[in-house]
Amino acid sequence: MSNPAPTRRWSPVLDAPSFPASRLDALATRIGRLVGADGQDTVIVPGEAIVALEAVALELGHKRQRVLNLATSHYGLLFDEWLRRNGASVTTIEPTRRGGAIDPAVVEAALRDGDFTALSLVHGEGATGIVNPLKRLLAIASASGVVTLVDAVASVGAEPIDVTALGADIVVVGPQKGWAGPSGVSAVVIGERGWAALERPAGATSLSSVSLLDLRRDWIDTDRTVIPGTPLTLELWALDEAVSRVEAEGPDALVTRHRTAAGATWQAIRALGLEPWAADVASASGLVTGLLLPDGVDRAAILTATARYGAALTAGVGPVPANHVRLNHTGARAAFGPIVADLAALASALTAAGVRVDIAASIAALSEADWSH
Ligand SMILES: *Cc1c(COP(=O)(O)O)cnc(C)c1O
């Protein structure tokens with residue numbers, strides 16, 4: 001007598017149906033639409049956004065691009081390293097105020113005086129809480145004719161972005177920040193000029209896990225009936241759901257909600273008596289608000305205290321001062337309630353540390369924004 005088949009508890013994750021190839025094709029189109037793609041290819045990359053960025057750097061390097069790279073956090077510095085290692089020549093500019101936004105005039109002068117073929121930059125910085133002036137920077141790049149690479153991982157859903165209107169050539173998208181999606185899959189929107197800026201090393205015919213050109217060969221340029229490699233079933237279903245939620249809210253409404261949170265929190269931090277890190281609301285991230293604690297305050301102690309209240313406050317990452325703190329208003333947190341709670345937690349921790357802050361004025365400032373959407 002044979003053994004009975006073992007009974008297994010059904011699991012929504014382990015027993016998820018496979019993700020159809022036709023659905024992957026449609027999903028790429030939907031992602032492109034959310035960021036204003038019109039005629040560009042949208043490549044879904046089986047790996048987190050940092051993998052997509054490395055793939056772009058690798059193939060820009062192989063093409064021996066001469067890149068002006070704007071580094072406003074550790075992501076730009078990493079991009080510099082990957083480009084160099086793979087054969088690009090790179091000049092990296094950092095803002096005068098480390099961790100701040102980049103000055104377009106500096107970029108204009110560098111492109112005029114240098115001999116560059118490409119410009120790379122991060123749009124929104126979740127690490128520090130700033131946004132670079134993308135529209136102006138891309139207009140400058142367009143006038144000088146260089147190909148452009150935009151890391152929009154921390155800006156989709158949080159800042160307005162229209163790939164076609166901006167004239168961006170390669171845009172890297174991550175669903176795990178402003179779209180509140182999964183972190184193990186990402187996308188690259190890339191047009192003719194973007195593809196032409198990449199190169200595969202001579203004789204390389206194998207499958208690389210960090211190659212956009214391989215994904216083009218094995219998916220984009222095929223009849224798209226077979227997903228190359230082993231499909232990331234769970235990540236793709238999660239991405240599909242995250243995109244559906246963004247579509248249901250409306251991509252513009254989602255951006256408005258994040259921008260409202262950014263503007264209102266920036267004002268509320270000032271009303272509290274603290275200094276926001278971004279110089280103005282326009283250069284403040286829609287995902288997080290960076291702020292500086294008063295001199296002499298122990299940041300670790302404040303963050304321990306606010307964590308006890310369940311607040312979403314964390315230390316800034318990368319080239320920011322040691323008293324930099326981020327208040328997270330990403331996704332579902334981009335709403336009045338979570339932000340009030342975080343401001344209250346911050347105010348309570350500072351009061352206990354002997355710092356005078358004005359929580360009533362802070363909440364009044366937050367209340368002035370239009371939260372009706
Ligand atoms: C988060 C982020 C990335 C990539 O993040 P992973 O989650 O590690 O893939 C890249 N660039 C920027 C600007 C980011 O904020």
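Which atom of Gln176 lies 2.7 Å from an oxygen atom of the ligand? A polar side-chain atom of Gln176 does. Taken alone, the ligand exposes 380 Å², and the protein buries 89% of that. Please keep in mind that this is a predicted model. Below is a friendly tour of the ligand site, the largest pocket, the largest cavity and one helix.

**Ligand site**

- There are 13 residues around the ligand, and those that come nearest are Glu48, Ile50, Asp151, Gln176 and Lys177.
- Asp151 offers an N or O atom of its side chain, 2.6 Å from a nitrogen atom of the ligand.
- Ile50 takes part through its backbone instead: one of its N or O atoms there lies 3.0 Å from an oxygen atom of the ligand.
- Sorted by chemistry, the shell around the ligand holds seven nonpolar, four charged and two polar residues.
- Helix 2 is the element that gives the most to this shell, with three residues.

**Largest pocket**

- If you are thinking about open space, the largest pocket contains about 400 Å³.
- Its lining is made up of 24 residues, and Ile44, Val45, Pro46, Leu215 and Pro228 lie nearest the centre.
- Two elements give two or more residues to that lining: strand 1, spanning 41-45, and helix 8, spanning 212-220.
- Of these, helix 8 gives the most, with five residues.
- The lining of the largest pocket divides into 17 nonpolar residues, five polar ones and two charged ones.

**Largest cavity**

- How many cavities of 30 Å³ or more does the count come to? The count comes to one.
- The largest cavity has about 60 Å³ of space.
- Among the residues lining the largest cavity are Leu53, Asn69, Tyr75, Phe79, Ser120, Val122 and Leu149.
- Strand 2 (66-70), helix 3 (74-85), strand 4 (118-122) and strand 7 (147-151) each give two or more residues to this lining.
- By class, the lining of the largest cavity has seven nonpolar residues, three polar and one charged.
- Asp151 deserves a second look: this residue lines the largest cavity, and its side chain also has an N or O atom 2.6 Å from a ligand nitrogen.

**Helix 10 and its end**

- Helix 10 runs over residues 251-272, which makes 22 residues.
- From its first C-alpha to its last, helix 10 reaches 31 Å, close to the 32 Å expected at 1.5 Å a residue.
- Gly273 comes just after helix 10 and takes a positive phi of about 110°.

Notes: Residues numbered from 1 in each chain as written. Predicted model: local features only at pLDDT ≥ 70, side-chain atom pairs only at ≥ 80, totals over all residues. Heavy atoms only, no water. Near = heavy atom within 4 Å. Polar contact = N/O pair within 3.5 Å; in protein donor to acceptor, adjacent residues only side chain to side chain. Areas by Shrake-Rupley, 256 points an atom, 1.4 Å probe, with all protein chains shown as cover. Helix = DSSP H or I, 4+ residues; strand = E, 2+ residues; numbered from the N terminus. Nonpolar A, V, L, I, M, F, W, Y, C, P; charged D, E, K, R; others polar. 1 Å grid on protein atoms, 1.4 Å probe; cavity = no way out; pocket = protein on both sides within 12 Å on 5 of 7 lines; lining within 4 Å. Points joined across faces, edges and corners; volume = space filled by probe spheres on them. Expected span 1.5 Å × (residues − 1).
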